[in-house]
Amino acid sequence: MRPVVRRAVGLCLLAVALATACVFLGRWQWHRHEWRDAQIAIVMDNFGADPVPLSSVLSPDQAVPDDLVWKPVLVSGHYLPDQTVELRNRPADGTPAYHVLVPFVVDDSSAGTAAAATDAGTVLVVDRGWVPTGENADADVVAPAPPVGDVTITVRLRADEPDSTRRAPAGQVQAIAVDEVLDVAGVDGTAWQAYGGLVSESPAVTPMPGTLPEPSIDPGSHLSYAFQWWVFALGSLVGFGLLARREVLEGVDEPAAPVDPDPWAPRAPRGPRPERVHTSRRRDGRAEAEEDALVDAQLRSERD
């Protein structure tokens, strides 16, 4: 294969490789965009919806389906304020904060809408809001106390978080993993495989922890990134394709490198060396023959 053609083929292969990589990266960003759109749709459908009894949408041993996240639900029972657990590393309003996690013993998950109480004795972890950490984030803080006695609460359903591998001081956790929270709190019983973000309590109390932040509905930049990768794919095909075309139309084959002769090969005999004609000249440029002629002429004139 000629060097020019070889270079052109190499440019074409490089273009295809780059374009393929860019196409797959664009597809990945597109799927992220679709996933984010689905999450936003769930928030828009559920966050402002009317609350329904907890027992009508979930059971204690059931994980929260994706389409129920942020769904407001009603449940009756009582808090265990002495078993409050603090969640670390969840800033609120741009400041360091602890979330206040309080175990809630369910007396009736139907909130009085069923003929008989349901799921009595089960435990639901409730995030009542946040409190600032103060100057020392390792120091315990005093969170506002929850209502005492029978309470009906409205919470938004949230999925149980994975256990964190990071250690936390006593009475604190690094993630809202229901089993870990109840273990730190020292509470036994059947736990709901979800937790609730507090919306309201009846009866209400003051003061209250800071209100939990609303979920973001920002779609992010995934869609624009997807189109950028696809533009890069097209650009690599066009750019390297033009370079390959120029190599073919305007390129010149590089001269072949000289081949070193075999040092062990027999050498051809040399021909006769040309005779050299020696001409001696004095410094003034006159030939010796001319000087001899002048000397002879001078001697003849003296004899005469």
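This is a quick walk through the nonpolar cores and the largest pocket of one protein model. Keep in mind that the model is predicted.

Okay, the inside first. The largest nonpolar core has 26 residues. If you want to find the middle of the contact network, look at Phe-104, Val-126 and Ile-153, which have the most contacts inside that core. Which strands build it? You get at least two residues each from β2 (72–79), β4 (97–108), β5 (123–132), β6 (151–159) and β8 (191–202). Of these, β4 gives the most, with 5 residues.

Let's stay on Phe-104 for a moment. Skip its neighbours within four places in sequence, and you still find Phe-104 in contact with a run of residues: Val-75, Ser-76, Gly-77, His-78 and Tyr-79. Then there are Thr-122, Val-123, Leu-124 and Val-126, plus Val-151 and Ile-153. Separate from the big core, there's another one, of 14 residues, and Val-125, Ile-176, Val-178 and Ala-185 are among them.

Right, on to the pocket. The largest one has a volume of about 490 Å³, and 23 residues line it. Who sits nearest the centre? That would be His-99, Asp-127, Thr-211, Leu-212 and Pro-213. As for elements, β5, β6 and β8 each put two or more residues into the lining, and β8 has the largest share, at 4 residues. By character, the lining splits into 11 nonpolar, 7 charged and 5 polar residues.

One last thing to look at on screen: β5, β6 and β8 turn up among the strands supplying the largest core, and again in the lining of the largest pocket.

Note on methods. Residues numbered from 1 in each chain as written. Predicted model: local features only at pLDDT ≥ 70, side-chain atom pairs only at ≥ 80, totals over all residues. Heavy atoms only, no water. Core = buried A, V, L, I, M, F, W, Y, C linked by side-chain atoms within 4.5 Å. Buried < 20%, exposed > 50% of the residue type's maximum accessible area, 1.4 Å probe, protein only. Contact = heavy atoms within 4.5 Å. 1 Å grid on protein atoms, 1.4 Å probe; cavity = no way out; pocket = protein on both sides within 12 Å on 5 of 7 lines; lining within 4 Å. Points joined across faces, edges and corners; volume = space filled by probe spheres on them. Nonpolar A, V, L, I, M, F, W, Y, C, P; charged D, E, K, R; others polar.
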